Amino acid sequence: MNQTQGDTAEIIAEEYWGKKGDVDLFIFRKRLAAPSDTPRPVLFLVHGSSFSARTSYDLEVPGHGEYSLMNVFARYGFDVWTMDHEGYGRSTHTDGYSYIADGVEDLKVAMPIMEEATGQTTCSFFGSSSGALRAGAFANACPERVAKLSMAAFVWTGKDSPTLKKRAERLDEWRATNRRPADEASYLGIFSRDVVGLTIPELPAAAAAAEMANGGGSVPNGTYIDMCANLPVVDPLKVACPVMIFRGDHDGIAADEDVLNFFSALPNKDKQLVMMSGQAHNTGIGINRHRFWHVLRAFLEMPVRLDNLEG
Amino acid sequence: MAEMWQQEYWADKDGVKLFMFRKCLGAPQAGDAPRPVLFLVHGSSFSGPSGFDLHVPGKPDYSLMEKFAHYGFDVWTLDHEGYGRSDSTDGNSAIAEGVRDLAAGMAVVTRETGAATAAFYGSSSGALRAAAYADAHPDSVERLILDAFVWTGEGSPTLKERSKKIDQWTSSNRRAVDRAFFHSIFNRDMPGTSEDGVSDALADKELALCDAVPTGTYYDMCVNLPVCDPTKVPCPVLIIRGEHDGIATEEDLLAYFDALPNGDKQFVVIPGGAHVSFLGVNRARFWHVLHNFLTLPGRADSLGS
């Protein structure tokens with residue numbers, strides 16, 4: 001296991017820009033400032049439907065401890081990347097809907113930039129909610145780029161999903177316009193829809209403030225439409241790499257059976273299904289996020305195989 | 001750095017003496033902070049210390065007991081009735097007897113450590129014993145780890161083959177074991193998942209203790225599955241499965257996993273692993289998974305019971 005650096009270790013933050021046609025895509029990177037003898041493993045974080053990259057993975061909630069997944073994994077020794085997908089945060093807000101398929105194209109743009117900066121051609125991907133769908137669909141499309149895939153708050157077919165059943169009631173609304181408001185009230189709804197008590201009361205305001213600072217206030221509807229009308233968008237049979245699926249016990253985005261079926265179909269036998277108590281949909285910024293960090297790190301730092309049977 | 005400390009004990013199951021073995025880093029001292037107890041439960045074909053404290057000439061790190069002692073655990077194991085140094089009786093040491101053995105062993109653990117609970121790890125029919133013990137004694141199982149586990153046996157290649165000898169398992173309470181048998185344990189699923197020398201080291205150790213082992217767990221696995229009920233296991237559970245392990249189908253294990261009521265549960269497949277994960281080439285991956293499950297931080301919310 002890599003040595004963890006203390007909270008005071010200096011972390012470098014760098015910004016990059018990718019270009020997808022006319023669309024500018026904001027890319028953000030954090031890693032320890034101290035030089036490393038060996039290349040730092042790259043971890044690419046993929047955001048979901050309602051928060052841009054830094055709100056999801058680099059959030060500050062003053063007085064309430066560490067919320068930045070980027071900082072945590074930078075201290076673990078990773079070179080941590082994320083990006084704002086089309087229509088989110090500081091990336092160009094277009095007339096498009098930023099569907100899952102668009103997110104895959106965004107990730108394709110980020111890869112050469114990551115490669116040029118790090119010298120590495122592959123990285124580990126983590127995605128949450130529709131970020132897990134983007135990451136999974138990217139692993140289908142570009143398996144040569146994905147060393148490991150971690151998915152939290154994942155849904156496969158959507159069968160018997162309480163959240164998606166509710167969300168589908170507004171499908172016409174999602175289709176009628178390409179964007180919906182993203183503010184403190186909407187975030188309070190996201191954090192409380194599964195169960196109350198697994199996020200701190202200050203979180204909706206902190207998330208809304210971060211989102212506004214990152215150019216937000218509204219987000220695209222494409223992933224909501226995909227999740228209500230177009231699932232499945234990820235084929236487990238086409239995921240070649242090791243996979244960890246993380247599922248919170250209160251998360252209504254999927255039924256257990258749906259997740260188990262996806263897991264069962266994965267062809268790579270290096271796979272883990274972690275179900276965790278005290279977790280709802282937003283595992284990364286919940287009260288028990290330290291438990292999520294623990295299992296994600298354990299998956300990413302799994303010792304290498306020593307047998308000669310790997311085909 | 002503290003040195004490895006070990007101690008032998010005897011548990012009493014209604015007059016049947018059961019051998020127990022314990023390892024931890026440094027001798028326990030009065031006033032020490034309690035170390036988490038990890039209780040290792042052996043399977044059908046070799047006794048506790050033989051499998052869990054194996055030393056292979058010229059090859060490092062085969063003792064699971066020492067590895068987890070180094071991690072800070074107080075590691076215990078027990079020879080079930082009819083195995084190793086424990087008493088042999090006319091019984092066949094079926095799973096239900098194993099549960100009674102563990103209850104007797106846990107009384108010794110509590111007496112010596114003050115701990116009323118332990119994390120239980122079981123491999124193969126040891127996993128069946130541990131799971132059945134968790135069903136019967138949920139208050140003393142803090143966490144449960146099931147490796148090379150089988151629930152219903154539906155579709156199991158190994159059990160289909162084993163059932164061909166059911167008359168042999170029912171006609172006698174013991175079955176002979178020899179060096180060739182120990183070789184077969186490591187080769188039956190997939191050659192290359194263990195190093196040369198491991199099966200011989202295990203045979204050397206076990207054959208010095210006995211030339212036969214009880215038939216009860218083989219019989220149970222062929223005839224009486226399921227012997228444990230996932231809905232009665234209240235604690236967090238980790239299921240570890242070697243990629244090539246023929247003892248169960250993945251479908252069987254996922255059905256058990258799905259029925260577990262505790263929200264903390266993990267299902268981990270070890271690629272390049274077979275039936276005896278902890279003595280395999282990739283045992284470092286097995287340690288990693290087990291250690292991370294055992295050290296999962298506690299919840300910080302107020303919703304947990």
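**Helix α11 of chain B and the contact with chain A**

Q: Which residues of α11(B) are buried in this predicted model?
A: Let's begin with the helix itself, which covers residues 283-294 of chain B and has 12 residues. A residue counts as buried if 20 or more other C-beta atoms lie within 10 Å of its own. By that test, the buried residues are B:R283, B:R285, B:F286, B:V289, B:L290, B:N292, B:F293 and B:L294.

Q: Which elements do the buried residues of α11(B) pack against?
A: The partners come from two chains. Chain A offers α11 (289-300). From chain B itself come β5 (118-123), β6 (141-147), β9 (237-242) and β10 (265-270).

Q: Which element gives the most to the side of chain B that touches chain A?
A: Across the interface, 31 residues of chain B are in contact with 31 residues of chain A. On the chain B side, α10 (250-259), β10 and α11 each supply at least two residues. The top contributor, with 5 residues, is β10(B).

Q: How many bridges join β10 of chain A to β10(B)?
A: The chain A strand spans residues 271-276 and runs antiparallel to β10(B). Within this pairing, A:Q272 stands opposite B:V268. The number of bridges joining the two strands is 5.

Q: What is the radius of gyration of chain B, and how does it sit with the globule rule?
A: Chain B comes to 11 helices and 10 strands. For 305 residues the globule rule gives 19 Å, and the value for chain B is close to that, so the chain is as compact as a globular protein of that length. Its radius of gyration is 18 Å.

How values were computed:
Residues are numbered from 1 along each chain as its sequence is written. Chains are lettered from A and ligands numbered from 1 in the order in which they are written. This is a predicted model: local features need pLDDT of at least 70, side-chain atom pairs count only at pLDDT 80 or more; totals for chains, interfaces and linings use all residues. Helices (H or I, at least four residues) and strands (E, at least two) are DSSP runs, numbered from the N terminus. The expected span of a helix is 1.5 Å times one less than its number of residues. A residue is buried if 20 or more other C-beta atoms lie within 10 Å of its own, exposed if 12 or fewer, and partly exposed in between; C-beta atoms are placed from the backbone. Two residues are in contact if their C-beta atoms, placed from the backbone, lie within 7 Å. Two strands pair if DSSP finds at least two bridges between them. The radius of gyration is taken over C-alpha atoms; the globule rule is 2.2 Å times the number of residues to the power 0.38.
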